[in-house]
Amino acid sequence: MTILVTGARGHVGGQVLAQLLDAGEKVRAASRDASTLDVPEGVETVSLDLEDPDAGALDGVRAVFLYTRPQGIEKFVAAAQRAGVDHVVQLSSSATLEPFSENRIAVLHRAVEEALAGSGLGHTVLHPGYFASNTLAWAAELAEGVVRTPYPDARVGAIHEADIAAVAVRALTTGEHRGASLALSGPEALSFRELATILGDVLDRPVKVVELSTDEARERMLGHGLPDGAVDAILRSWANALDEPSPVTKTVEEVTGTAPRTFATWVWDHRADF
């Protein structure tokens, strides 16, 4: 039987694909446009629009790694039910665990969580916090020796995408953690200032941190295409992390048996991207 990986072009989806292949699993990679996928030789690819899924994309699929897209999720769930999918592992967000009902990010991800919970499908929900890969947004400025960020002393548990993937792969291949909601983080909560320092140390570059005002940060984030509601939710979360650092969990190690990778390890793995 086959494991379908949606969002296979992304940092996490790409890692899930690679780790499943390493485990000897039969994998099908999906994206809205399969022609954009760059996968190892022999990996089957399929175009899949979650808002209007082609039933053929799920033929022979027993498990799915689901990169959350709230729009039209009911149609995907119905297609998965008809295809006899046994287990769905959803990449959600730690935002759904926060007590902010107006958080747009949480609302969108929670809609998918609720659709899966009511579907009768076996499912596992992953709630990663701050992705270490978010710091790739600093790449252009780092070339100039600067990192510009709001709330430089906000502390986040930056997590390596390979650790998120490792948890997903464990659930996909063993069927364990059905019905579980797994909060994921890196090994420690570090401030954005500390993340910038680590980047400078590993890349051997001097780095100066410049604090942006909330309005400056909002304008930059909107300019990068993030919707208003998401921008406000992110900024509010970072502001809260000044006084209450993002939670650090032991879930990665409990599920995989291996401690989560440090941010320095992530930078080393991605040094060419900077």
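## Helices α1 and α5

In this predicted model, the axes of helices α1 and α5 come within 8 Å and cross at roughly 50°. An angle under 35 degrees would count as roughly parallel, and one from 65 to 115 as roughly perpendicular; α1 and α5 are therefore oblique to each other. The crossing of α1 past α5 is right-handed. On the α1 side, the residues that meet α5 are His11, Val12, Gln15, Val16, Gln19 and Leu20. Their counterparts in α5 include Ile164, Ala165, Ala168, Val169 and Leu172.

An α-helix has 3.6 residues a turn, so residues three or four places apart point the same way. The α1 contact residues include Val12, Val16 and Leu20, and these three are also among the buried residues of the helix.

## Helix α1 in its surroundings

Helix α1 covers residues 11-22. With 12 residues at 1.5 Å a residue, α1 should span 16 Å; the end C-alpha atoms are 17 Å apart, which agrees. The expected span uses one less than the number of residues, because that is how the span is defined.

Which residues of α1 are buried? They are Val12, Gly13, Val16, Leu17, Gln19 and Leu20. The elements that cover them include the strands β1, β2, β4 and β5, together with helix α5. After α1 comes Gly24, which has a positive phi, near 80°.

## The sheet

Seven strands make up an open sheet, and their order is β3-β2-β1-β4-β5-β6-β9, with parallel pairing. At the edges are β3 (44-47) and β9 (181-184), each of which pairs on one side only. On average, neighbouring strands of the sheet are turned by 20° against each other, direction ignored. Helix α5 (residues 161-174) packs on this sheet and touches β1, β4, β5, β6 and β9. The direction of α5 makes about 155° with that of β4.

Strands of a sheet pair through backbone hydrogen bonds, either parallel or antiparallel. In this sheet, β6 (residues 122-128) pairs with the edge strand β9 in the parallel sense over four bridges. One bridge partner pair there is His127 with Ala183, the latter in β9.

## Strand β5

How many residues of β5 are buried? Five of its five residues are, and the strand is mostly covered. In a regular strand the side chains alternate between the two faces of the sheet. In β5, His87, Val89 and Leu91 point one way, while Val88 and Gln90 point the other way.

The two neighbours of β5 in the strand order are β4 and β6. Strand β4 runs parallel to β5 and is joined to it by five bridges. Five bridges also join β5 to β6, again in parallel. Val88 appears in both pairings: Val64 stands opposite Val88, and the bridge partner of Val88 in β6 is His123.

## Two aspartates

Asp163 is placed in helix α5. Is Asp163 buried or exposed? Its relative accessible area is 3%, and the cut-off for buried is under 20%, so Asp163 counts as buried. Leaving aside neighbours within four places in sequence, Asp163 is in contact with Val252, Pro260 and Arg261.

Asp52 lies in the loop between β3 and β4. At 54% relative accessibility, with exposed set at over 50%, Asp52 counts as exposed. Asp52 and Ile234 are 182 residues apart along the chain, and their C-alpha atoms are separated by 30 Å.

## Helices α7 and α8

Ile234 belongs to the buried residues of α8. The axes of α7 (residues 214-223) and α8 (residues 228-243) come within 10 Å and cross at roughly 140°. Angles over 145 count as roughly antiparallel, and α7 and α8 are therefore oblique to each other. The crossing of α7 past α8 is right-handed. In α7 the contact is made by Thr214, Ala217, Arg218, Met221 and Leu222. In α8 it involves Asp228, Val231, Asp232, Ile234, Leu235 and Trp238.

Helix α8 has 16 residues and reaches 24 Å from its first C-alpha to its last, close to the 22 Å expected. Its buried residues are Ala230, Val231, Ala233, Ile234, Leu235, Trp238 and Ala241. What do the buried residues of α8 pack against? They pack against α3 (104-117), β8 (155-156), α6 (192-203) and α7.

Note on methods
Residues are numbered from 1 along each chain as its sequence is written. This is a predicted model: local features need pLDDT of at least 70, side-chain atom pairs count only at pLDDT 80 or more; totals for chains, interfaces and linings use all residues. Side-chain values use heavy atoms; hydrogens and water are left out. Two strands pair if DSSP finds at least two bridges between them. Axes are lines fitted to C-alpha atoms, for helices over the stretch in contact, and angles run from 0 to 180 degrees between N-to-C directions. Contact means heavy atoms within 4.5 Å. Buried means under 20% relative accessible area, exposed over 50%, partly exposed in between (1.4 Å probe, protein chains only). A crossing is left-handed if the near helix is turned anticlockwise from the far one by less than a right angle, and right-handed if clockwise.
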